[in-house]
Amino acid sequence: MTILERLGVESPVVQAGMGGGLSRHGLAAAVSEAGGLGTIAVNGATAIERELAAAKALTAAPIAVNLLLPFARRSWFGAAAGADAVITFWGTPRRRTPGIWMHQCGTVAEARSAHAASADAVIVQGVEAGGHVRGRIPALQLHARIRAVLPADYPTLLAGGIAERGDVQRALEAGASGAVAGTRFLLSDESRAHPLYKQRALEATDTVLTELFGFGWPAPHRVGRNAATERWLGANPRGPRLNRTINRLASPAARFTPAAAQMRLARAQRPGSRLLTPVGPTDDGFANLVDAGPLYMGQTVARIDELMPAAEIVRALTP
Ligand SMILES: Cc1cc2nc3c(=O)[nH]c(=O)nc-3n(C[C@H](O)[C@H](O)[C@H](O)COP(=O)(O)O)c2cc1C
């Protein structure tokens, strides 16, 4: 029995948590109701509880909650413990909730430490992934390296580059128990990305791995091009050294800036601003972020040219 079957999930397709409210109850519930595993990604214990309750009202199927370790506080873990699975990312893996816990990893060392910390599974993220990127090599390569050092029966899932059924098939053939897709579900009817963000992603043919939108979280992320990337990214896709230095020095303080202040900064953000926050454009957020903020997307945008209902995506991906 795979880890997903243990959860009561029929399809090996997992919808990645997409932060800042891009994936909320509507998307997660539609994915889970269609037989996959849907994931909620919002900030704050109250929002997690609210979104989880709203998802549970829409489906009896299992729902996951995603938490970013640099930001999650104790109360967020308490709220996430009400989910059927907790998926963590970015930081030292440590068990914080009693139920099923998976940790997304980008290196062999990180996978080893998640296993040692009693994670029920690791999600292996490749460099082709959208959003914040921990992986440095393609997902299938990293997956092979990680499987080679962990016990043969230890469950792994693969993230990065999943947009079609063949991608899921290849992940399963490589021994993964499931495939995690972010970008494909960003381009669903139910994702809460701003409509212009979805349109840009549908039109995009390439992406850039950068550190540009790093005020508050100076970590590599894969985005589509917009006015801000055109303004700041010349020969060096990471972004100007001065911007990165400011981001790095400011990050301890910026991380604990109250959410309201961060939102004020995001609202005022322009393509020419030197301080660029990681806040992405949601359909109920700030339209200025379509050109001044991060349009998180993975390399699969080159292969995706239509929005689809999330349930149809689950069916299209399931082998
Ligand atoms: C728009 C977007 C937002 C993301 N936000 C998060 C997040 O908040 N937490 C997280 O663990 N991963 C996040 N990711 C990364 C995913 O977990 C996953 O690794 C990635 O989507 C897989 O690659 P793909 O985009 O090619 O499917 C995000 C990805 C995208 C595309």
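## A tour from strand S8 outward

Select Val 124 and Leu 158 to start: Leu 158 in S8 is the bridge partner of Val 124. The model is a predicted one. The strands behind this pair are S6 (residues 121–125) and S8, which run parallel and share 4 bridges.

**Stop 1: strand S8**

Now select residues 156–159, the whole of S8. Are its faces covered or bare? Both faces of S8 are covered. Thr 156 and Leu 158 lie on one side, Leu 157 and Ala 159 on the other, and all are buried. In a regular strand, side chains alternate between the two faces of the sheet.

Keep Leu 158 selected and add Ala 179. Ala 179 is the bridge partner of Leu 158 in S9.

**Stop 2: strand S9 and its crossover**

Select residues 178–181 for S9. S8 and S9 run parallel, joined by 3 bridges. Add helix H7, residues 165–173. Which hand does the unit of S8, H7 and S9 have? The β-α-β unit is right-handed.

Show the side chains of S9. Gly 178 and Val 180 point one way. Ala 179 and Ala 181 point the other way. All of these residues are buried.

Next, pick Gln 15, which stands opposite Ala 181 in S9. This takes you to S1, which pairs with S9 in the parallel sense over 3 bridges.

**Stop 3: the parallel sheet**

Zoom out. How many strands form this open sheet? The sheet has 8 strands, in the order S1-S9-S8-S6-S5-S4-S3-S2, with parallel pairing. Colour the edge strands: S1 (13–15) and S2 (38–40) each pair on one side only. From one strand to the next, the twist averages 30°.

Bring up helix H2, residues 25–33. H2 packs on the sheet and touches S1, S2 and S3. The direction of H2 makes about 160° with that of S2. Then add helix H3, residues 45–58. H3 also packs on the sheet, where it touches S2 and S3. Its direction makes about 160° with that of S3.

Move to S3 and S4. S3 covers residues 63–68 and S4 covers residues 85–89. They pair in the parallel sense over 5 bridges. Select Val 65 here; Val 86 in S4 stands opposite.

**Stop 4: the aromatic cluster**

Switch to rings. How many aromatic pairs does a search of the whole structure find? The search finds 3.

Select Phe 71 and Trp 217. Their ring centres are 5.2 Å apart and their planes stand at 85°, so the pair is edge-to-face. Trace the backbone on either side. Phe 71 sits in the loop between S3 and helix H4 (74–80). Trp 217 sits in the loop between strand S10 (208–210) and strand S11 (221–223). The pair therefore ties together parts that are 146 residues apart in sequence.

Turn on the surface. Phe 71 has 22% relative accessibility, so Phe 71 counts as partly exposed. Trp 217 has 6%, so Trp 217 counts as buried.

Now select Phe 89 and Trp 90. Their ring centres lie 5.3 Å apart with planes at 85°, so this pair is edge-to-face. Phe 89 and Trp 90 are both buried. Show Phe 71, Phe 89, Trp 90 and Trp 217 together: ring pairs link them into a cluster.

**Stop 5: charges over rings**

Stay on Trp 90 and add Arg 134. Arg 134 lies over the face of Trp 90, at 4.7 Å from the ring centre.

Then jump to Arg 231 and Trp 232. What sits over the ring of Trp 232? The charged end of Arg 231 does, 3.8 Å from the ring centre.

**Stop 6: the antiparallel sheet**

Finish with the other open sheet. It has 3 strands in the order S7-S11-S10, and the pairing is antiparallel. S7 (131–132) and S10 stand at the edges, each with a single partner strand, so one side of each is left without a neighbour in the sheet.

Centre on S10 and S11. They run antiparallel, with 3 bridges between them. Last selection: Thr 210, with His 221 of S11 standing opposite.

Terms used:
Residues numbered from 1 in each chain as written. Predicted model: local features only at pLDDT ≥ 70, side-chain atom pairs only at ≥ 80, totals over all residues. Heavy atoms only, no water. Pairing = 2+ DSSP bridges. Helix = DSSP H or I, 4+ residues; strand = E, 2+ residues; numbered from the N terminus. Axes fitted to C-alpha atoms, helices over the stretch in contact; angles between N-to-C directions. Contact = heavy atoms within 4.5 Å. Phe/Tyr/Trp six-rings, centres within 6.5 Å; stacked < 30°, edge-to-face > 60°. Buried < 20%, exposed > 50% of the residue type's maximum accessible area, 1.4 Å probe, protein only. Lys NZ or Arg CZ within 6 Å of the ring centre and 35° of its normal. Right-handed = clockwise from strand over helix to strand, strands pointing away.
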